[in-house]
Amino acid sequence: MKEVDPKTTSRAMSYELYIDAPMPMVTLFKTLDITPLVRLSKKGHKLNMLLCWCALAAAKKVEEFFLLPVGKALVAYDRLGVNVIVNNAQGGLSSCDLPDCPDWRAFETAYLTLTQRVHDSAQNYELDDAMILGSSSLAGYDIDGAVNFYSGLFNNPFLIWGKYTKKGLKQLLKVSFQFHHVQMDGQQACQFLDAMQAEINRLSKEK
């Protein structure tokens, strides 16, 4: 990763407009059809893992994810990762960053290994050289969406979801996606959410 001059990037105008905004975050809501993922989860694969993989695979298709405002700087990254929150062995919560992998099965191995390590140690696991897409699963609760708070410390994009619902033959999941307006505009955020649905659909042929 390296700091870049915002004027040399596609985010030059947004940087000028929003870097000093008191509340620069935007939240979009979308309902995803996760039927293929639910089917795979019933074969022993964790649903949260599958959702994180699809989110990470989708993010790689949107170049704005590789740029992130850090303080007043704009930082360019060579790779992405996704973060999950883990219930640890001490009864608290810990944070676990998961790396990009060649395919979802390799990601599954990393997911199971790293989240178990974080659970047992109750120590956060961080990737220092990757732009991290945050995620929070409230799978036990039926929510319509969430608007995350803005601390001013972390500008990373963030996904939140709750319990999926059944409608006919489909399993539907409402997701909230928060992003910093310097990093991307609504168009790129929508492209990401559409790409996430496409990645979910791609797994429909997996066994």
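This briefing covers the overall build of the chain, the strand β4 with its two neighbours, and one residue with an unusual backbone angle. The model is a predicted one. The chain has 5 helices and 10 strands. Its radius of gyration is 17 Å, close to the 17 Å from the globule rule for 207 residues, so the chain is as compact as a globular protein of that length.

**Overall dimensions and packing**

- Along the principal axes, the C-alpha atoms of the chain fill a box of roughly 50 × 40 × 30 Å.
- Buried residues make up 49% of the 207 in the chain.
- Among contacts with a separation of 6 or more, 71% are between residues 24 or more positions apart.

**Surface and charge**

- The exposed area of the chain is about 10700 Å², and 52% of it comes from carbon and sulfur atoms.
- There are 22 positive and 22 negative side chains in the chain.
- The centres of these two sets of charges lie 11 Å apart.

**Strand β4 and its neighbours**

- Strand β4 spans residues 73–76 and is covered on both faces.
- On one side of β4, Ala73 and Val75 are buried; on the other side, Leu74 and Ala76 are buried.
- Strand β1 (residues 2–4) pairs with β4 in the antiparallel sense, over 3 bridges.
- Within this β1 pairing, glutamate 3 stands opposite valine 75 of β4, and Val75 is one of the buried residues of that strand.
- Strand β3 (residues 67–70) also runs antiparallel to β4, and 4 bridges join the two.
- Valine 70 has alanine 73 in β4 as its bridge partner.
- β3 and β4 form a hairpin, with 2 residues between the strands.
- Glycine 71 lies in the turn of that hairpin and has a positive phi of about 65°.

**Alanine 122**

- Most residues other than glycine have a negative phi.
- Alanine 122 is not a glycine, yet its phi is positive, at about 55°.
- Alanine 122 lies in a loop, between helix α4 (104–121) and strand β7 (131–137).
- The relative accessibility of alanine 122 is 16%, and because the cut-off for buried is under 20%, this residue counts as buried.

**Points to look for in the structure**

- Which strands pair with β4? β1 does so over 3 bridges, and β3 is joined to β4 by 4 bridges.
- Is alanine 122 buried or exposed? Alanine 122 counts as buried, at 16% relative accessibility.

How values were computed: Residues numbered from 1 in each chain as written. Predicted model: local features only at pLDDT ≥ 70, side-chain atom pairs only at ≥ 80, totals over all residues. Heavy atoms only, no water. Buried < 20%, exposed > 50% of the residue type's maximum accessible area, 1.4 Å probe, protein only. Pairing = 2+ DSSP bridges. Rg over C-alpha atoms; globule rule 2.2 N^0.38 Å. Contact = heavy atoms within 4.5 Å. Areas by Shrake-Rupley, 256 points an atom, 1.4 Å probe, with all protein chains shown as cover. Lys, Arg positive; Asp, Glu negative; His and termini not counted. Charge placed at Lys NZ, Arg CZ, Asp CG, Glu CD.
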